[in-house]
Amino acid sequence: MMRRRWMVGAIGVALAIGACGGGGTSASSTTAQTMPVEERAPAPVHRGPVSARGEREVSATVGSSGGTLELANGARLEIPAGALESDVEIHFHVAPDAREAWNQETKRPLGPALEISPAMRAASGQFRLSAPAIVLPQGFQPADLALGHEEEVGDTHLGGATQTRWQMWPARVDGSRFVAELPALGGHRVQFGVSR
């Protein structure tokens with residue numbers, strides 16, 4: 001009889017614990033006392049313009065407030081406020097040579113090749129790329145200054161490689177800097193140079 005009372009008592013305690021949602025290792029609980037928790041998205045953070053600097057490379061998340069990314073060699077990418085409609089992780093770094101863009105007779109590179117990714121189109125304003133000005137090669141004038149901009153050629157892919165071509169965009173000398181302004185960036189290399 002004692003054993004029977006003990007079992008009845010143990011079963012009663014187990015049922016009471018189970019009804020309260022405790023005592024087990026159950027992966028889920030569905031008790032009447034549990035209220036659904038309303039999950040809220042984090043409130044958007046209002047930020048000002050981003051400013052980031054790196055030795056040979058720099059990355060930053062830039063949003064609608066714009067920002068500036070700069071390398072130790074003086075190359076600078078400026079994104080105006082309103083150019084981006086959402087946050088974009090931008091990578092700016094020194095890139096491999098772009099010899100295919102410049103022949104020695106009518107086109108010559110000035111300074112390092114740079115790479116900016118991802119590809120972006122400004123919603124308003126233009127992206128501004130600048131670098132410290134250097135002496136133009138003999139026989140070239142400031143009107144010959146250009147920014148070589150590597151762009152994809154349609155959807156052509158050979159063996160997994162993307163086909164690109166170089167377009168020359170107008171550039172100018174502004175104080176002690178070469179400056180070019182572009183409505184879009186192709187996500188590839190850019191380089192200042194002279195082109196006739």
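This report describes strands, a pocket and a few single residues in one protein structure.

The model is predicted, and local features are given where pLDDT is at least 70, side-chain atom pairs count only at pLDDT 80 or more, and totals for chains, interfaces and linings use all residues. Residues are numbered from 1 along each chain as its sequence is written, and side-chain values use heavy atoms, with hydrogens and water left out.

## The open sheet and its edges

An open sheet of 6 strands, with mixed pairing, follows the order β1-β3-β4-β9-β13-β12. Strands here are DSSP runs (E, at least two residues), numbered from the N terminus, and two strands pair if DSSP finds at least two bridges between them. Because β1 (50-54) and β12 (172-174) stand at the edges with a single partner strand each, one side of each is left without a neighbour in the sheet. From one strand to the next the twist averages 20°, where axes are lines fitted to C-alpha atoms and angles run from 0 to 180 degrees between N-to-C directions.

The table lists three strand pairs with their bridges and one residue pair from each.

| Strands | Sense and bridges | Residue pair |
|---|---|---|
| β1 and β3 (residues 67-71) | parallel, 5 bridges | serine 51 and threonine 68 |
| β12 and β13 (residues 177-182) | antiparallel, 3 bridges | valine 173 and phenylalanine 178 |
| β2 and β5 (residues 88-94) | antiparallel, 6 bridges | valine 62 and valine 88 |

Along the edge strand β1 the side chains alternate, with Val50, Ala52 and Gly54 pointing to one face and buried, while Ser51 and Arg53 point to the other and are not. Buried means under 20% relative accessible area, exposed means over 50%, and partly exposed lies in between (1.4 Å probe, protein chains only). Serine 51, which is found in strand β1, is exposed, with a relative accessible area of 69%. Strand β2 (residues 57-62) likewise has a covered face, formed by Val58, Ala60 and Val62, and an uncovered one, formed by Glu57, Ser59 and Thr61. The C-alpha atoms of serine 51 and threonine 61, which are 10 residues apart along the chain, are separated by 9.9 Å.

## The largest pocket

The largest pocket has a volume of about 160 Å³. A pocket is found on a 1 Å grid over the protein atoms alone, as an open set of points where a 1.4 Å probe fits, with protein on both sides within 12 Å along at least five of seven lines, and its lining residues have an atom within 4 Å of a point. Its volume is the space filled by probe spheres set on the points, which are joined across faces, edges and corners. Among the 16 residues that line the largest pocket, the closest to its centre are Leu110, Gly111, Pro112, Ala131 and Pro132. The elements that give two or more residues to this lining are β9 (127-132) and β15 (189-195). By class the lining has 12 nonpolar, 4 polar and no charged residues, where Ala, Val, Leu, Ile, Met, Phe, Trp, Tyr, Cys and Pro count as nonpolar, Asp, Glu, Lys and Arg as charged, and the others, Gly among them, as polar.

## Arginine 189 and proline 118

Arginine 189 has its place in strand β15 and is buried, with a relative accessible area of 12%. The side chain of arginine 189 reaches the backbone oxygen of aspartate 97 at 2.7 Å, and it makes a polar contact with the side chain of glutamate 150 at 2.9 Å. A polar contact is a pair of N or O atoms within 3.5 Å; within protein, one must be able to donate a hydrogen and the other to accept it, and residues adjacent in sequence count only if both atoms are side-chain atoms.

Proline 118 lies in the loop between β7 (114-117) and β8 (120-121), and the peptide bond from serine 117 to proline 118 is cis, with omega near 5°.

Technical notes:
Helices (H or I, at least four residues) and strands (E, at least two) are DSSP runs, numbered from the N terminus.
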